[in-house]
Amino acid sequence: MKILKGLFILGLLQTPVSAAVTAYFSPSLDCENQIIKLLNESQKTVDIAVYTITNRPIMRAIEKAHNRGIKIRIITDKKQADHYSSVTTRLYQKNIPIKINTEYELEHNKFAVFDGEKMITGSFNWTYSASNKNSENCLVISNEPEVINQYEKQFNVLWEMYSGQISRYFFERKLISGE
């Protein structure tokens, strides 16, 4: 009986955890709320590659995560970072590492990886309009290490490709000029 009980327990330990993928759609606060939830739950790292960030609740969640000691890195589009409604300069002022696209026409990715274990991706821009006006979507993915690792690798490729020096110059110029 002990052997059967041990084999049963061993079998449970070897049972794979199934991947979890959940879809959300806007206009609604669903994607925004999922991003904020994932930021709030993060324990170590958050890597964000997005076209733009203008959504203030998401910005505040990024700041709170950073203040909790979470290592955050952001990649964004240069043209969008220069837009008056972008909050990336404010995040830069909070000493959150941000790199702007210096290689491509657009940095049009919209994904984030949380602690290397969960991620969000889709057409959802991190903007007020995406939550309240646009038809957009996002997928929250967990328990899918191969896919999440692919996104993390791509983030790291872009992070290394984009110039930290040009990015710092870009934000410092904006701060000095008061734009």
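Okay, one definition before we start: when I say helix or strand, I mean a DSSP run, H or I over at least four residues for a helix and E over at least two for a strand, numbered from the N terminus. With that in hand, P27 sits in the loop between β1 and α2. The peptide bond leading into P27 from S26 is cis, and omega is near 15°. Most peptide bonds are trans, hence the early mention. And please keep in mind that this is a predicted model.

Let me zoom out. The chain has eight helices and seven strands. Of its 179 residues, 44% count as buried. The accessible surface comes to about 10,100 Å², with 54% of that on carbon and sulfur atoms. If you take the contacts with a separation of 6 or more, 75% of them come from residues 24 or more positions apart.

Now the sheet. In what order do its strands run? It's an open sheet of seven strands, and the order goes β1-β7-β6-β5-β2-β3-β4, with mixed pairing. On the edges you have β1, residues 20-26, and β4, residues 98-100, each pairing on one side only. From one strand to the next, the twist averages 10°.

Let's walk across it from the β1 side. β1 and β7 are antiparallel and joined by seven bridges. If you want a residue pair to click on, Y24 stands opposite C138 in β7. Next, β6 to β7 is antiparallel as well, with four bridges. There, T121 has L139 of β7 as its bridge partner. Then comes β5, residues 110-114, pairing antiparallel with β6, residues 118-121, over four bridges. In that pairing F114 is across from K118 of β6.

Further along, the direction changes: β2 and β3 run parallel, and five bridges hold that pairing. T45 is opposite K71 of β3. As for cover, β7 has five of its seven residues buried, so call it mostly covered. For β2, mostly covered again, it's five of six.

So what packs on this sheet? One answer is helix α2, residues 30-41, which touches β1, β2, β5, β6 and β7. The direction of α2 makes about 155° with that of β6.

The other helix I want to show is α7, residues 145-161. Quick sanity check on its geometry: 17 residues at 1.5 Å a residue should span 24 Å, and the end C-alpha atoms are 24 Å apart, which agrees. In case the arithmetic bothers you, the expected span uses one less than the number of residues.

Which residues of α7 are buried? I148, E152, F155, L158 and W159. Looking down the axis of α7, those buried residues fall within an arc of 125°, so they line one face of the helix. On the other side of α7, you find E146, Q150, K153 and E160 exposed. And the buried residues pack against β2, β3, β4, β5, β6 and β7.

Back to backbone oddities, since I know you like torsions. Most residues other than glycine have a negative phi. Here are two asparagines that don't. N95 has phi near 65°, so positive in a residue that isn't glycine. N95 is in the loop between α5 and β4. Is N95 buried or exposed? It counts as exposed because its relative accessible area is 63%, and the cut-off for exposed is over 50%.

The other one is N143, with a positive phi of about 55°, and again not a glycine. You'll find N143 in the loop between β7 and α7. With a relative accessible area of 39%, N143 is partly exposed.

Last stop, R168, which is in helix α8, residues 164-177. R168 has 46% relative accessibility, so it lands in the partly exposed class. R168 and I100 are 68 residues apart along the chain, and their C-alpha atoms are separated by 9.1 Å. I100 falls in the range of β4, residues 98-100, one of those edge strands.

That's the tour. Pull it up and have a look around.

Key:
Residues numbered from 1 in each chain as written. Predicted model: local features only at pLDDT ≥ 70, side-chain atom pairs only at ≥ 80, totals over all residues. Heavy atoms only, no water. Buried < 20%, exposed > 50% of the residue type's maximum accessible area, 1.4 Å probe, protein only. Pairing = 2+ DSSP bridges. Axes fitted to C-alpha atoms, helices over the stretch in contact; angles between N-to-C directions. Contact = heavy atoms within 4.5 Å. Areas by Shrake-Rupley, 256 points an atom, 1.4 Å probe, with all protein chains shown as cover. Arc of directions from axis to C-beta.
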